[in-house]
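These are my notebook entries on one protein chain. I set down what I looked up, in the order in which I looked.

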Amino acid sequence: MPWIVGVSGASGTPYAAAVLRALLDAGEDVDLVVSRASRLTLLDETGISFRDAHWREDLGDWLARGADGKPDTFAVDLGRVRYWNAGDLAAGPSSGSYPVKGMLIVPASTACVAGVALGLSKDLLQRAASVTLKERRPLVVAVRETPLNGQTLRQLVALDDAGASVVPASPAFYAGATHIQHLVDFVAGRVLDAAGVQHDLYRRWKGELGGGQST
């Protein structure tokens with residue numbers, strides 16, 4: 001069964017790329033949903049135009065880039081990826097009978113958080129998240145916004161109450177990061193930790209002060 005990965009319109013497309021690469025490296029199948037707003041963010045942050053008719057080519061270009069924007073940094077096999085248009089409310093992930101392991105929203109904009117918390121289902125991304133919650137499957141929401149206002153905080157609490165895992169896109173520095181990719185991978189790793197997916201994206205804390213300095 002696949003993991004659904006939803007990419008919303010918040011800044012942070014490198015987080016989504018790192019999560020997708022790690023899922024594929026772990027041998028997981030992926031159902032990908034890219035919101036309309038996220039395409040604008042992707043274009044702004046990477047220069048890539050994500051096109052439905054050429055999604056495999058565009059996704060390959062995106063995932064091959066490092067967090068610093070350098071092309072051909074990673075080798076990626078897209079054989080396990082299935083793409084669904086965000087406007088297709090008849091897609092597989094729109095139904096609870098469609099078998100999936102769970103869903104990761106990376107990054108999650110405040111608009112996306114609000115839509116999922118309120119059950120709006122205005123597009124496939126929000127609908128798939130609502131289905132994930134009602135079927136009691138794992139939902140990980142990697143919110144990327146600052147500062148957070150009271151309304152968004154209440155919506156995040158509502159998602160937590162509904163069973164979702166809220167993972168702020170907040171990198172830590174104890175892992176010995178020396179490159180922007182390390183900071184991105186830390187956040188991606190914490191998202192995968194919340195989903196229970198094995199990975200080796202960052203150095204874990206072992207109770208040894210200064211351990212990151214020798215990494």
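Entry 1, surface. Before reading the surface value I noted how it is obtained: accessible areas come from the Shrake-Rupley method with a 1.4 Å probe. I also noted that the model is a predicted one. For the protein chain I found an accessible surface of about 10,200 Å². Carbon and sulfur atoms account for 50% of that surface.

Entry 2, overall form. I looked up the elements and found seven helices and six strands in the protein chain. From the N terminus on, I read their succession as β-α-β-α-α-β-β-α-α-β-α-β-α. The radius of gyration is 16 Å, close to the 17 Å that the globule rule gives for 215 residues, so the protein chain is as compact as a globular protein of that length. Along the principal axes, the C-alpha atoms fill a box of roughly 50 × 40 × 30 Å.

Entry 3, interior and contacts. I found that 51% of the 215 residues are buried. I then turned to contacts between residues at least 6 apart in sequence; 70% of these join residues at least 24 apart.

Entry 4, charges. I looked up 21 positive and 23 negative charges, and their mean positions lie 4 Å apart.

Entry 5, the sheet. In what order do the six strands of the open sheet stand? I read the order as 3-2-1-4-5-6, with parallel pairing. Strand 3 (81-85) and strand 6 (165-166) are at the edges and have a single partner strand each, so one side of each is left without a neighbour in the sheet.

Entry 6, strand 1. I found five of the five residues of strand 1 (residues 3-7) to be buried. Both faces are covered: W3, V5 and V7 are buried on one side, and I4 and G6 on the other. Five bridges pair strand 1 with strand 2 (residues 30-34) in the parallel sense. In strand 2, V30 stands opposite W3.

Entry 7, strands 4 and 5. Strand 4 (residues 102-108) and strand 5 (residues 139-143) run parallel and are joined by four bridges. I noted V143 in strand 5 as the bridge partner of A108.

Entry 8, one residue. Is T41 buried or exposed? I located T41 in helix 2 (residues 36-46). Its relative accessibility is 12%, and a residue under 20% is classed as buried, so T41 counts as buried. With neighbours within four places in sequence left aside, T41 is in contact with G9, A10, S11 and T13.

Key:
Residues are numbered from 1 along each chain as its sequence is written. This is a predicted model: local features need pLDDT of at least 70, side-chain atom pairs count only at pLDDT 80 or more; totals for chains, interfaces and linings use all residues. Side-chain values use heavy atoms; hydrogens and water are left out. Helices (H or I, at least four residues) and strands (E, at least two) are DSSP runs, numbered from the N terminus. The radius of gyration is taken over C-alpha atoms; the globule rule is 2.2 Å times the number of residues to the power 0.38. Buried means under 20% relative accessible area, exposed over 50%, partly exposed in between (1.4 Å probe, protein chains only). Contact means heavy atoms within 4.5 Å. Lys and Arg count as positive and Asp and Glu as negative; His and the chain ends are not counted. The place of a charge is taken as NZ of Lys, CZ of Arg, CG of Asp or CD of Glu. Two strands pair if DSSP finds at least two bridges between them.
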